Amino acid sequence: IKSLNFNQFIFIIYSALLTLTAVYIARSRRYSINSNSRKIFHALLVAVYLPGLLWQRELLKILSGLAFYILCSIEYFRIYNIFNLGLEIDRVYTRFRDNQDSGTVIVTPIYLLLGCSLPFWIPRFDVSESHCLTVFSGVISIGVADSLASLIGSSYGRIRWPGSNKTLEGTLSAIIGASLTIIIIINISPCSIVISPVRVVAIATLCAAMETFTLQIDNLIVPLYSFVAILYFS
């Protein structure tokens with residue numbers, strides 16, 4: 001703790017407050033649960049990860065690792081009803097289950113964290129390299145593109161893709177949102193990122209397409225696919 005500077009201390013407090021907000025929302029019965037309301041947690045994660053990846057990346061690695069440990073521990077407590085906490089945890093988690101959580105283990109929150117964390121847990125790119133954009137692939141694909149596709153698609157979508165509940169309007173909003181996010185990151189990041197507008201749109205389009213058409217667990221698969229796309233085009 002003594003080695004923390006002021007900015008790191010502020011970031012820890014900021015992250016803790018957003019975490020408590022997520023816990024409050026999860027426990028509260030005031031919020032109706034649907035696909036859109038679950039995106040609140042995506043937004044909170046982006047609010048922590050984006051500034052963390054930009055300015056406190058090493059600290060974010062520690063905090064995200066701690067969060068992963070806590071989520072796995074909570075799931076262990078839930079399954080085996082440790083200290084009689086299983087029923088209470090299950091009550092909270094059950095409200096947020098989706099069709100990907102059909103088994104014993106509820107994987108959605110863990111995969112959401114992994115999807116945003118793996119891109120910067122795995123690589124060791126120097127901040128001066130253009131490939132450092134890859135560490136943002138989880139934020140871009142799941143935090144922004146997936147959330148916008150769900151919100152806009154469910155609210156304003158009219159044209160559905162063949163054999164899918166996803167809409168063209170949702171996909172287009174994902175492309176626009178991902179493109180704008182990449183542009184913002186390029187302009188404020190301490191990394192030296194040089195990438196043409198055409199490549200930015202290409203990355204955003206591939207992210208949106210994977211989100212639209214994947215039949216796998218999107219919280220985990222889409223960020224990894226986006227990682228490869230960003231690595232190739234950047």
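Colleague: Is threonine 214 buried or exposed?
Modeller: This is a predicted model, and threonine 214 has a relative accessible area of 15% there. Buried means under 20%. Because 15% falls under that cut-off, threonine 214 counts as buried.

Colleague: Where is threonine 214 found, and which backbone atom does its side chain reach?
Modeller: Threonine 214 sits in the loop between α8 (197-213) and α9 (218-233). Leaving aside neighbours within four places in sequence, threonine 214 is in contact with Ile221 and Val222. At 3.1 Å, its side chain reaches the backbone nitrogen of glutamine 216.

Colleague: What span does helix α3 reach from its first C-alpha to its last?
Modeller: Helix α3 covers residues 57-80, which is 24 residues. At 1.5 Å a residue, 34 Å is expected. The model comes close to that, at 35 Å.

Colleague: Which helices are included in what covers the buried residues of α3?
Modeller: The buried residues of α3 include Leu59, Leu60, Leu71 and Glu75. Their cover includes α1 (6-27), α2 (35-55), α4 (86-94) and α5 (108-121).

Colleague: Which residue follows α3, and what is its phi?
Modeller: The residue after α3 is asparagine 81. Its phi is positive, near 50 degrees.

Colleague: Which helix gives the most to the largest nonpolar core?
Modeller: That core has 54 residues, and those with the most contacts inside it are Tyr49, Leu133, Phe136 and Ile140. Eight residues of the core come from the helix that gives the most, α2.

Colleague: Which residues does leucine 133 touch, not counting residues up to four places away in sequence?
Modeller: Leucine 133 is among the residues with the most contacts inside the core. With those sequence neighbours left out, leucine 133 touches Ile140, Ile182, Ile185, Ile193 and Ile230.

Methods:
Residues numbered from 1 in each chain as written. Predicted model: local features only at pLDDT ≥ 70, side-chain atom pairs only at ≥ 80, totals over all residues. Heavy atoms only, no water. Helix = DSSP H or I, 4+ residues; strand = E, 2+ residues; numbered from the N terminus. Buried < 20%, exposed > 50% of the residue type's maximum accessible area, 1.4 Å probe, protein only. Polar contact = N/O pair within 3.5 Å; in protein donor to acceptor, adjacent residues only side chain to side chain. Contact = heavy atoms within 4.5 Å. Expected span 1.5 Å × (residues − 1). Core = buried A, V, L, I, M, F, W, Y, C linked by side-chain atoms within 4.5 Å.
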